[in-house]
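Here's a quick walk through a protein chain and its RNA partner. Have a look at the fold before reading on.

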Amino acid sequence: MDAPRFRIAPSPTGFFHVGGARTALYNWALAKRLGGTFVLRIEDTDAERNRSEWNQGIIDALAWIGIHADDPTFEGPYFQSQFADEHVAAAHRLHEAGKAYYCDLTGEQVQERAKAEGVQGYGGWSRNLGLGPGPGRVLRFRVPEGQTVVRDAVRGEVVFDNATIEDFVLLRGNGSPMFLLANVVDDITMRITDVIRAEEHLPNTPKQQMLWEALGVEPPRWGHVPLLVNEQRKKISKRRDKVALESYRDEGYLADAMTNYLMTLGWSPGDVEIVPWASVEADFRLGDVSHSPAFFDLKKLAAFNGEYIRRLSVDEFVVACEPWLAQWRDTHPDAVWDQAVFVAIAPHVQLRAVTLSEAPGVVDFLFLPEPVLDEASLSKALSTEGAADVVAQSIDAFGACEWTTEAIKSAFEAVAERNGLKLGKAQAPVRVAVTGRTVGPPLFESLELLGRDRTIERLRALPAGVQVR
RNA sequence: GGCCCCAUCGUCUAGUGGCCUAGGACACCACCCUCUCAAGGUGGCGGCACGGGUUCGAAUCCCGUUGGGGCUGCCA
């Protein structure tokens, strides 16, 4: 048997859809394991939108999830409009063979007539008129009698009664090819053997299969994978849902976490769901894919991402954070960056991060001349019993102790005890004064990194701006 | 409306006639740990849509009902 050829056929929408990403991953895993080919064909009959510069985003997005254009398994990208002549030629062959016919009814006329005769859609009125081509005339496919059986690798056999399928349009009145035809002709031209795509295409599959057969080619193996839906259980859409793969990349989701999560939507890797791509590639089977729609759950994605972040080495984590740190530096010219300080605090950030983009926001106080004080948490932390005393005494204690995490901690423990407070309670006002927030990385490590002078300076600066009881 | 698909905890899933008193993960709750927040640990809550069959036995097979979704363009 020849090596299988898979394909994905995204349309150029300006971003790459997460649903498309999952389908791409399914195709990629199969192509890899089977030693086949993964073909990327960007589909729009509009030549303008088929320009490569419009679609670099798709290439980049695929590369992000591990599908690299320079991999030998990868072929393309192709652009549908490159093959426009072939689409038209195929349509003409169908006409010559009597498998398609011209129709001079406009869309409006079809609607009127259907209404008048009480039928659904196009009634095949021009079927036997023997019309030739002409301006405004569309070429329609002559749907044969009988049944069309789609053999689907995910769902088994799906039977369609051809009587329920109307004679669909192949060529528009202006002679340009319709998507359905272009799609089939391209698949044939590119010798595609396996069409794995989302379930929304299942109802159109019998039409395509009939086209393959009419064109004298054996149809491909089909596989329709379940839809990705939102909390309303509707197909995720650009309008209402965050569907751009790029937006997740930009927010600091790890590609490995994203690919792993996407694969689990409709498929289960086995006992553990956090698995390396190599095992996905080895284990993924279309026959194991679920039949029902899957909810794209941000919370679970976040959990996957946190897990993947924690599995990074500290060095890897630091490198991974860099784009967001660089962006933060650019927007905070008054900050004095110290890479060694970030590296030192990084393990604590890593343990807490859900996405990489959060990193700057939790370490900013170490590099800014002054912490960004949140008024609400400030007044809350300082209004507690003994807060003012704790702050005042800390200034003295910190001025006298050795400047290591351990020494700072013991010095502060003494202050807390003197005020009859638990450490957790006592640290709150100091934390807010120094970091600007009530939550963040461990306090004493942070203070050590900040330095004695700046710590004391921030504690002293406190009472001036706020009401301290 | 017509055609098609689907139906296990809130969510993603395991389950392919007896291993099911239905397993795991996320979320949620509680407790432990703890300098905040996390992370980690332990435990808990929670499901086979319904009704008929078939069978010694059904989450698993069949039929129906209900519910959800998709498709139904001279869009892609």
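## Ground rules and overall fold

Helices here are DSSP runs of H or I with at least four residues, strands are runs of E with at least two, and both are numbered from the N terminus. On that basis chain A comes out at 19 helices and 12 strands. Bear in mind that this is a predicted model, where local features need pLDDT of at least 70, side-chain atom pairs count only at pLDDT 80 or more, and totals for chains, interfaces and linings use all residues. As for bookkeeping, residues are numbered from 1 along each chain as its sequence is written, chains are lettered from A and ligands numbered from 1 in the order in which they are written, and side-chain values use heavy atoms, with hydrogens and water left out.

## Shape and packing

What radius of gyration does chain A have? The answer is 31 Å, while a compact globule of 469 residues would sit near 23 Å (taken over C-alpha atoms, with the globule rule being 2.2 Å times the number of residues to the power 0.38). The C-alpha trace of chain A spans about 100 × 50 × 35 Å along its principal axes.

Buried residues (under 20% relative accessible area; exposed is over 50%, partly exposed in between, with a 1.4 Å probe and protein chains only) make up 47% of the 469 residues in chain A. Chain A exposes about 22300 Å², and 52% of that comes from carbon and sulfur atoms; the areas come from the Shrake-Rupley method with a 1.4 Å probe, and for residues only the protein chains shown count as cover. Take the contacts (heavy atoms within 4.5 Å) in chain A with a separation of 6 or more: 75% of them involve residues 24 or more positions apart.

## The RNA strand

There are 62 residues around RNA strand B, and Arg 172, Arg 233, Lys 234, Gly 266 and Glu 273 come nearest; being near takes a heavy atom within 4 Å of the strand. The surface residues there split into 23 nonpolar, 19 polar and 20 charged. In that scheme Ala, Val, Leu, Ile, Met, Phe, Trp, Tyr, Cys and Pro are nonpolar, Asp, Glu, Lys and Arg are charged, and the others, Gly among them, are polar. Elements that each supply at least two residues include β7 (156-161), α10 (298-311) and α17 (423-435).

Seen from the RNA side, 69% of the strand B atoms within 4 Å of the protein belong to sugar or phosphate, and the rest to bases. A base nitrogen sits 3.1 Å from a polar backbone atom of Leu 105. Sugar or linking oxygens of strand B also turn up 2.9 Å from a side-chain N or O atom of Glu 199 and 3.4 Å from a polar side-chain atom of Ser 268.

## Gln 80 and some backbone oddities

Gln 80 is in the loop between β3 (74-79) and α3 (84-96). Its relative accessibility is 0%, so Gln 80 counts as buried. Its side chain makes a polar contact of 3.2 Å with that of Asp 186 (N or O atoms within 3.5 Å; within protein, one must be able to donate a hydrogen and the other to accept it, and residues adjacent in sequence count only if both atoms are side-chain atoms).

Most residues other than glycine have a negative phi, and most peptide bonds are trans. Against that, the bond from Gly 76 to Pro 77 is cis, with omega near 5 degrees, and Pro 77 lies in strand β3. Arg 191 has a positive phi of about 55 degrees; this residue is in the loop between α5 (179-189) and β9 (194-198). Phi is also positive at Arg 233, near 65 degrees, in the loop between β11 (228-229) and α7 (245-251).
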